[in-house]
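User: Got a two-chain model here that I'd like to talk through. Can you take my questions one at a time?

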Amino acid sequence: MIYDEPIFRTLGDTAINVEFGDESSIPINFRILALDFALREHPPKGLAETNPQVRTLGLVFNPLATTRARIVDHVKALIAAQGTVETLPSRRVIIPALYDDPWSRECAEAFGVRNNIEYIAEFNDMTVAQVIETHTGCDYWVTGVGFVPGAFMSYAMDPGKRFGAPLYRTPRTWTHARLLNFGGLTSTIYPIRIPGGGQLFGRTPIEIFDLREISPAFADGPVLACAGDRHRYESIGREEYDAIRADVEAGTYAYRVEDGTFDCAGYVAWLAEIGEPAERLDPESLWKPV
Amino acid sequence: MLKVIDGGLRTTVQDMGRRGGQALGIPPSGAQDGFALRIANLLVGNPPGGPLVVRDDPGAAGLELTLGRLKLKALQDHVLALTGADTGATVDGEAVPCWTSFVLREGQTLACGLAQSGARAYLAVHGGIDVPLYRGSRATHVSGGFGGLEGRPLAKDDRLPVGAATAAVADLAGRRLRPDLVPSYAPPMQVRTVAGPEEHHFTADSVEAFYATAWKLNPKADRTGMRLIGPELSFRPGRPHYLIEDAGKDPSNIVIDPGAPVGTVQVPSGVEPIVLCVDSPSIGGYARIAVVITTDMARVGQVRPFEETRFVRISHEDAVAALAAQEATIADPDIII
């Protein structure tokens, strides 16, 4: 559910979470990102950093330079001034990917499970071709960046094309870098070689985390994804994968990133039109947000 | 310049960490026991850096030794100080005390043994370890491969550049921390927390058990997280259906959250609470029963495998007061005698 008023949760002496609800949805994320932009324009004294995620904005502050109450009052005033989120800055990023790739297969074999894309297909009552068609068939909204350096969370913007698969019960001890994967309904890419439990279904030749920072796409740092980006995946063959990979390694690949603005209010109206509820409720729940 | 003869179990270059990386998934890193590193820096006349987590200033970089063991040879005269866990260090076979600065002459070898009490020792050198800054800090993040010396732990034959001296060796040697401020790492470690944002997801009995238990440190603990062995904790019933769709059946799973800051105690599936540490992920997805106060993360960093930790809940106001008191101590010139 989306709360009537955001809840300010205390995390120790230096952090606050501003929680807008307990569900994950793109409309709730619009409010988080709009508040994050407002805080960047009007930062209160003593605010050290912000961490926007799907339904919560994380704030870190210096309690010796300000107080928790002052930060909360400042944020409440910004929320009150905000109203409906009309638009947000949003880049569109094209991500080429080799689906049903040998590296995802290798990971599955190494951990004694079947090729994950076949499991994803079966879990969703689809063929492998339909998995690829559906995943490349709409934009994915990046709700937040984080976990390990460069990782991000994204959700299909077309609810009719939203699908996924449950995480592994026991996570792998390693995963190749740059593998596309589902964790529930979240679509993401492993930026570096790390353990993980996502269901693997493809590999991108482009870097998601690049310490070399040589491409203009990495002008602001080593991380490609940015909260509020719209990602669009493009299915490529092995030859194109190898050609792009060679360009990426040589530092000559031109990342396909387009600056833009997204019509958030129009998107929320479209969701209503297609009958997608603005929020999820459970009248029988005993669970009340505290 | 210092030459590494033996890098030990895991020795990394650390300062007080990197600020502003959370929204990129970049953890703060830095010293796990920030108090010990800052005192080591003060002893050798280096800037100690700002308080842990807030990280206004990373301070000078030193070395963090995991469970001790390190052998370094000086390629010129240096003033050093060792703090944190006592490793029974020697210079050319002669014992050197902890929490006291000393001179390592050109050609001499410093040897640190295994830690006898506490889990991490810190070595500071006058001038600081002069590796390049990455995003405002020299702290090593090993899995990301950045910061410190080539983003990795020290290895045999590494050469550690040291920043220019700004004081005479004779003026800096033999300085020590006021003895009443030298911490004891004897278990059980008392660690203060404030209530976590999902404390209300746990049953009242489980919250009570969390504070009544002497938790044993799982030996797999590292700078990402410290897992604690103890009773299983349970959750209140009545989880909404939409949450089950969003985050799964396990009652410890919540929708993705900025799990940071450092100090957050998550309890996946109710088993083995994890204290998130300086290299922890910037987001979480498990119910958080408590958050360790900034000041006491230093103590968490000194718990040895299988040693016990007890949590004590305090108010937010008292947590801030503890931080203010610690910063006043660090800023007091009379603590170094």
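What follows is a run of short questions and answers on this predicted model.

User: Let's start with chain A. Which domains does the assignment give, and how far apart are their C-alpha centres?
Analyst: The assignment cuts chain A into domain 1 (2–86) and domain 2 (92–259). Take the C-alpha centres of domain 1 of chain A and domain 2 of chain A, and the separation comes out at 29 Å.

User: Which element gives the most to the side of domain 1 of chain A that touches domain 2 of chain A?
Analyst: On this contact, seven residues of domain 1 of chain A meet nine of domain 2 of chain A. On the domain 1 side, helix H1 (26–41) and strand E3 (47–52) of chain A each put in at least two residues. That side holds four nonpolar, three polar and no charged residues. The top contributor, with three residues, is H1(A).

User: Now the contact between the chains. Which strand of chain A has the largest share of the side that touches chain B?
Analyst: Chain A and chain B each bring 47 residues to the contact. Strands E1 (2–11), E2 (15–21), E3, E4 (56–61) and E7 (140–145) of chain A each supply at least two residues of chain A's side. By class, that side splits into 21 nonpolar, 17 polar and nine charged residues. The largest share, five residues, belongs to E3(A).

User: Is strand E10 of chain A covered on one face or both?
Analyst: Start from the general pattern: side chains in a regular strand alternate between the two faces of the sheet. In E10 (residues 186–189) of chain A, A:Thr186 and A:Thr188 sit on one side and A:Ser187 and A:Ile189 on the other. These four residues are all buried, so with the cut-off at 20 or more other C-beta atoms within 10 Å, the covered faces of E10(A) are both.

User: And which residue in the hairpin of E9(A) and E10(A) takes a positive phi?
Analyst: Strand E9 (residues 179–183) of chain A pairs with E10(A) in the antiparallel sense, over four bridges. Within that pairing, A:Asn181 stands opposite A:Thr188. The hairpin has two residues between the strands, and the positive phi, near 65°, is that of A:Gly184.

User: What span does helix H6 of chain A reach, first C-alpha to last?
Analyst: H6 (residues 238–250) of chain A has 13 residues, and 1.5 Å a residue gives an expected 18 Å. Just after H6(A) comes A:Gly251, with a positive phi near 80°. The span of H6(A) is close to the expected value, at 18 Å.

User: Over to the largest nonpolar core. Which element gives the most to it?
Analyst: This core has 160 residues, and the members touching the most others are B:Ala40, B:Leu80, B:Tyr122, B:Leu123 and B:Ala124. Beyond its sequence neighbours within four places, B:Tyr122 is in contact with residues including B:Ala31, B:Leu37, B:Ala40 and B:Leu82. The element giving the most to the core, with eight residues, is H1(A).

User: Is B:Arg192 buried or exposed?
Analyst: B:Arg192 lies in strand E12 (residues 189–195) of chain B. Past four places in sequence, B:Arg192 touches B:Ile293, B:Asp296, B:Val312, B:Ile314, B:Ala319 and B:Ala322. Because 20 other C-beta atoms fall within 10 Å, B:Arg192 counts as buried.

User: Last one: how far apart are the domain centres of chain B?
Analyst: Chain B is split into domain 1 (2–181) and domain 2 (189–329). Their contact takes 22 residues from domain 1 of chain B and 20 from domain 2 of chain B. Taken over C-alpha atoms, the centres of domain 1 of chain B and domain 2 of chain B are separated by 28 Å.

Methods:
Residues numbered from 1 in each chain as written. Chains lettered and ligands numbered in written order. Predicted model: local features only at pLDDT ≥ 70, side-chain atom pairs only at ≥ 80, totals over all residues. Domains from an automatic or database assignment. Contact = placed C-beta atoms within 7 Å. Nonpolar A, V, L, I, M, F, W, Y, C, P; charged D, E, K, R; others polar. Expected span 1.5 Å × (residues − 1). Buried ≥ 20, exposed ≤ 12 C-beta atoms within 10 Å, placed from the backbone. Pairing = 2+ DSSP bridges. Core = buried A, V, L, I, M, F, W, Y, C linked by C-beta atoms within 7 Å.
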